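I have a fresh page open and a structure to look through. My plan is to go from the overall picture to single elements and then to a few residues that caught my eye.

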Amino acid sequence: MKHLTLADLGWSNHFAAQIADDPAQSNLVCRLSSVARDRLMGLSPGAEHLLVPPSDMTTGQFAVGDWVITDPTRQKVTRRLTPLTELTRRAAGTGAEQQLIAANVDTLGIVSSCNADFNEARLERYLALAATAGCLPLVILTKADQADDPHSYVRRAERLSPLVTAIALNATEAEDAALLAPWCKTGQTLALVGSSGVGKSTLSNALTGGEVATAGIREDDAKGRHTTTARGLHRTRACGWLIDTPGMRALRLSGAREGVDAVFADLDELAKACRFSDCSHEAEPGCAIHAAIETGQVDPDRLRRWRKLQAEDARNSETLAQARARDKSFGKLVRSVMKDKDRYRR
Ligand SMILES: Nc1nc2c(ncn2[C@@H]2O[C@H](COP(=O)(O)OP(=O)(O)O)[C@@H](O)[C@H]2O)c(=O)[nH]1
Ligand SMILES: [Mg+2]
Ligand SMILES: [Zn+2]
């Protein structure tokens, strides 16, 4: 733990390329381990830093897992490096803004169980989220010890998309949880999503040894700060990272059209051969997807789920656009009122 390198922290060429004009800046990089309302916490090789954002940015413009550059005093962020992957969700309330949930998650662990929790449509929704964020999806099927045929769940999950790797395990067994090591080993960052009760906490504890804080790093902190970061970037036993933030529990689709279509790439591809470019694949003549359903090549349930996810995403994204429009017209209203005020003052 003492001598973490940048590579240990997850640094890669993607980030190095962004400081190529001034490689000495690599001495001033940090990976954010927690984001609070008024401050950020960052890890560098051998130290932990309490940081404030640049004066023209708020902490909300940063996420756990982000790579940033700091000033030489290591107290202030000067720049956010463009992340490799980015998990976002619609902000609560007016929902006008996309809220950052986590950055630079390499693998999104989609946790479900080998029981009634297993649901194709839910898995596909998470797969679309992973595709939108740019993360590799890994389907983790817990409670294999309670199922007659756990492998049947693996087959069902892997049938969903060629992108899927699925693994069935007993999360309460340390040796089983260790099967996830390749996805949270040196330099690799994993995050877990899934319904309540599927075993996310059990797996997190097994993977990190229950060490929720950024253990070990505090002993090297020059300021001797005893930070117990309950949420954020956690070191795994396999020498990688697990990101756990409250926002992870409320991920929803929005602005995810490309992610949805990536999960249903086979149908998306088939649709190119439909007679009408705006074919809704319902009852139009010359629908290539319906022709494929007729020959048994395509599962009609899969078409139904694809359409449903597209509709869900469109609905969520539309509200977003509407909220933006509303903000715009509110801005206009404010400007016209201010103008009137000016007039009266004269
Ligand atoms: N038998 C068995 N129990 C499990 C497994 N995974 C989780 N559990 C149990 O399921 C319950 C919920 O697990 P938890 O980790 O809190 O789920 P979370 O809500 O996703 O964080 C706990 O009692 C766990 O011990 C598993 O693979 N096998
Ligand atoms: Mg939990
Ligand atoms: Zn069609």
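**Setting up.** I take helices (H or I, at least four residues) and strands (E, at least two) as DSSP runs, numbered from the N terminus. On that basis I find 10 helices and 13 strands in the protein. I keep in mind that this is a predicted model, where local features need pLDDT of at least 70, side-chain atom pairs count only at pLDDT 80 or more, and totals for chains, interfaces and linings use all residues. Residues are numbered from 1 along each chain as its sequence is written, while chains are lettered from A and ligands numbered from 1 in the order in which they are written.

**Overall.** I call a residue buried if 20 or more other C-beta atoms lie within 10 Å of its own, exposed if 12 or fewer, and partly exposed in between, with C-beta atoms placed from the backbone. By that count, 38% of the 346 residues of the protein are buried. I then looked at contacts, meaning pairs whose C-beta atoms, placed from the backbone, lie within 7 Å. Among contacts between residues at least 6 apart in sequence, 65% join residues at least 24 apart.

**Ligand 1.** Which residues are closest to ligand 1? I looked up its shell, where a residue is near if its C-beta atom, placed from the backbone, lies within 6 Å. The shell has 15 residues, and the closest are Ala171, Gly199, Lys200, Ser201 and Thr202. Helix 6 gives the largest share, three residues. For the chemistry I count Ala, Val, Leu, Ile, Met, Phe, Trp, Tyr, Cys and Pro as nonpolar, Asp, Glu, Lys and Arg as charged, and the others, Gly among them, as polar. The shell then divides into two nonpolar, 10 polar and three charged residues.

**Helix 6.** I stayed with this helix, which covers residues 200-208. Its buried residues are Lys200, Leu203, Ser204, Ala206, Leu207 and Thr208. They pack against strand 8 (107-113), helix 5 (174-177), strand 11 (189-193), strand 12 (232-235) and strand 13 (241-244). After helix 6 comes Gly209, with a positive phi near 70°.

From Ser204 I followed a link to Asp244: the two are 40 residues apart in sequence, and their C-alpha atoms are 8.5 Å apart in space. Asp244 sits in strand 13. Asp244 counts as buried because 21 C-beta neighbours lie inside 10 Å.

**Strand 11.** How many of the five residues of strand 11 are buried? Five of the five are, so strand 11 is largely enclosed by the rest of the structure. Thr189, Ala191 and Val193 point one way and Leu190 and Leu192 the other, and all are buried. For pairing I ask that DSSP finds at least two bridges between two strands. Strand 8 and strand 11 run parallel, joined by four bridges, and Leu108 stands opposite Ala191. Strand 11 also runs parallel to strand 13, over three bridges, with Leu190 partnered by Leu242.

**Strands 9 and 10.** Strand 9 (residues 136-142) pairs with strand 10 in the parallel sense over four bridges. One of the partner pairs is Val139 and Ala166. Strand 10 (residues 165-168) alternates: Ala166 and Ala168 point to one face and are buried, whereas Thr165 and Ile167 point to the other and are not. Helix 4 (residues 150-160) completes a right-handed β-α-β unit with strand 9 and strand 10. Right-handed here means that, with the strands pointing away from the viewer, the path from the first strand over the helix to the second runs clockwise.

**Helix 3.** Of its 14 residues, 11 are buried, so helix 3 is largely enclosed by the rest of the structure. Among the buried ones I noted Leu123, Glu124, Arg125 and Tyr126. Just after helix 3, Gly134 has a positive phi of about 95°.

**Positive phi outside glycine.** Most residues other than glycine have a negative phi. I found Lys143 with a phi near 60°, in the loop between strand 9 and helix 4. Lys143 is buried, as 22 other C-beta atoms lie within 10 Å. Cys239 has a positive phi of about 75° and lies in the loop between strand 12 and strand 13. Is Cys239 buried or partly exposed? With 15 C-beta neighbours inside 10 Å, Cys239 counts as partly exposed.

Note on methods: Two residues are in contact if their C-beta atoms, placed from the backbone, lie within 7 Å.
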